[in-house]
Amino acid sequence: MSDLHPSIVALVSLAANIAANHPKQGLCQVDRLREYGVAKTQIDAVIEIARHIRDEAAQALDTQFDAAYAPVKVDPFAKITVMQAACCTPTASGQSCC
């Protein structure tokens with residue numbers, strides 16, 4: 001098994017920090033990525049994708065909370081399964097997060 005290149009580890013760590021709303025937000029990884037010579041456009045793409053995933057997750061949690069908080073109503077269609085959309089949606093600029 002080969003080890004991941006440090007730039008890949010830093011990109012993954014940056015994305016995870018942003019998506020998880022970590023207080024440090026992966027800023028030290030940005031410094032490392034610059035030192036490794038990773039292009040700003042690549043760093044920007046990772047940041048955009050991570051923020052998009054974070055925002056989708058927050059929106060889904062808010063929707064679940066709102067549904068649970070809403071007054072209980074009898075819905076005759078409640079047991080009907082609705083097909084979900086694709087596993088993720090693209091970011092505003094069209095970046096795929098899948």
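The following exchange examines how the descriptions of this predicted model follow from its computed values.

Reader: What is the overall pattern of the protein, and how many helices and strands are there?

Author: The protein has 3 helices and 0 strands, and read along the sequence the pattern is α-α-α. Of its 98 residues, 20% are buried. The accessible surface comes to about 7,900 Å², and carbon and sulfur atoms account for 60% of that surface.

Reader: How do you know that α1 has the span expected of a helix?

Author: At 1.5 Å a residue, the 14 residues of α1 should span 20 Å, and the end C-alpha atoms of α1 are 20 Å apart, so the two values agree.

Reader: What about helix α3, and how far apart are its end C-alpha atoms?

Author: Helix α3 covers residues 40–69. Its 30 residues should span 44 Å at 1.5 Å a residue, and its end C-alpha atoms are 43 Å apart, which agrees.

Reader: Which residues of α1 are buried, and why are they said to line one face of the helix?

Author: The buried residues of α1 are Ser 7, Ala 10, Leu 14, Asn 17 and Ile 18. Seen down the axis of α1, these buried residues fall within an arc of 95°, so they line one face of the helix. Their cover includes α2 and α3.

Reader: Why is Asn 17 called buried?

Author: Buried means under 20% relative accessible area. Asn 17 has a relative accessible area of 13%, and therefore Asn 17 counts as buried.

Reader: Which residues are in contact with Asn 17, leaving aside its neighbours within four places in sequence?

Author: Asn 17, which lies in helix α1, is in contact with His 22, Gln 25, Gly 26 and Gln 29 once those neighbours are set aside. In addition, Asn 17 and Ala 50 are 33 residues apart in sequence, and their C-alpha atoms are 8.5 Å apart in space. Ala 50 is itself one of the buried residues of α3.

Reader: Which other residues of α3 are buried, and what do they pack against?

Author: Besides Ala 50, the buried residues of α3 are Ile 43, Ala 45, Val 46, Ile 47, Ile 49 and His 52. The buried residues of α3 pack against α1 and α2, the latter being residues 27–35. As to contacts across the protein, among those with a separation of 6 or more, 65% join residues 24 or more positions apart.

Reader: What makes the pair Arg 34 and Asp 31 a salt bridge?

Author: The cut-off is a side-chain nitrogen of Lys or Arg within 4 Å of a carboxyl oxygen of Asp or Glu. The side chains of Arg 34 and Asp 31 meet at 4.0 Å, N to O, and therefore the pair counts as a salt bridge. Being 3 residues apart in helix α2, Arg 34 and Asp 31 are separated by about one helical turn.

Reader: Why is Arg 34 called exposed, and Asp 31 partly exposed?

Author: Exposed means over 50% relative accessible area, and partly exposed lies between that value and the 20% limit for buried. Arg 34 has 58% relative accessibility and so counts as exposed, whereas Asp 31, at 43%, counts as partly exposed.

Reader: How many salt bridges does the structure hold, and what are the N and O distances in the other pairs?

Author: The structure holds 3 salt bridges. In the pair of Asp 44 and Lys 40, the closest N and O atoms are 2.9 Å apart. These residues are 4 residues apart in helix α3, and thus separated by about one helical turn. Lys 40 is exposed at 60% relative accessible area, while Asp 44 is partly exposed at 34%. In the pair of Asp 55 and Arg 54, the closest N and O atoms are 3.2 Å apart. Both count as partly exposed, with relative accessible areas of 43% for Asp 55 and 22% for Arg 54.

Reader: What makes the nonpolar surface patch, and why is Leu 4 called exposed?

Author: Leu 4, Ile 8, Val 9 and Val 12 make a nonpolar surface patch of about 350 Å². Leu 4 is found in the segment before α1, a helix of residues 6–19. Its relative accessibility is 55%, which is over 50%, so Leu 4 counts as exposed.

How values were computed: Residues are numbered from 1 along each chain as its sequence is written. This is a predicted model: local features need pLDDT of at least 70, side-chain atom pairs count only at pLDDT 80 or more; totals for chains, interfaces and linings use all residues. Side-chain values use heavy atoms; hydrogens and water are left out. Patches are made of residues with over 30% relative accessible area and no salt bridge: like charges are joined within 9 Å, nonpolar side chains (Val, Leu, Ile, Met, Phe, Trp, Tyr) within 5 Å. Accessible areas come from the Shrake-Rupley method with a 1.4 Å probe; for residues, only the protein chains shown count as cover. Helices (H or I, at least four residues) and strands (E, at least two) are DSSP runs, numbered from the N terminus. Buried means under 20% relative accessible area, exposed over 50%, partly exposed in between (1.4 Å probe, protein chains only). Contact means heavy atoms within 4.5 Å. The expected span of a helix is 1.5 Å times one less than its number of residues. The arc is that of the directions from the helix axis to the C-beta atoms.
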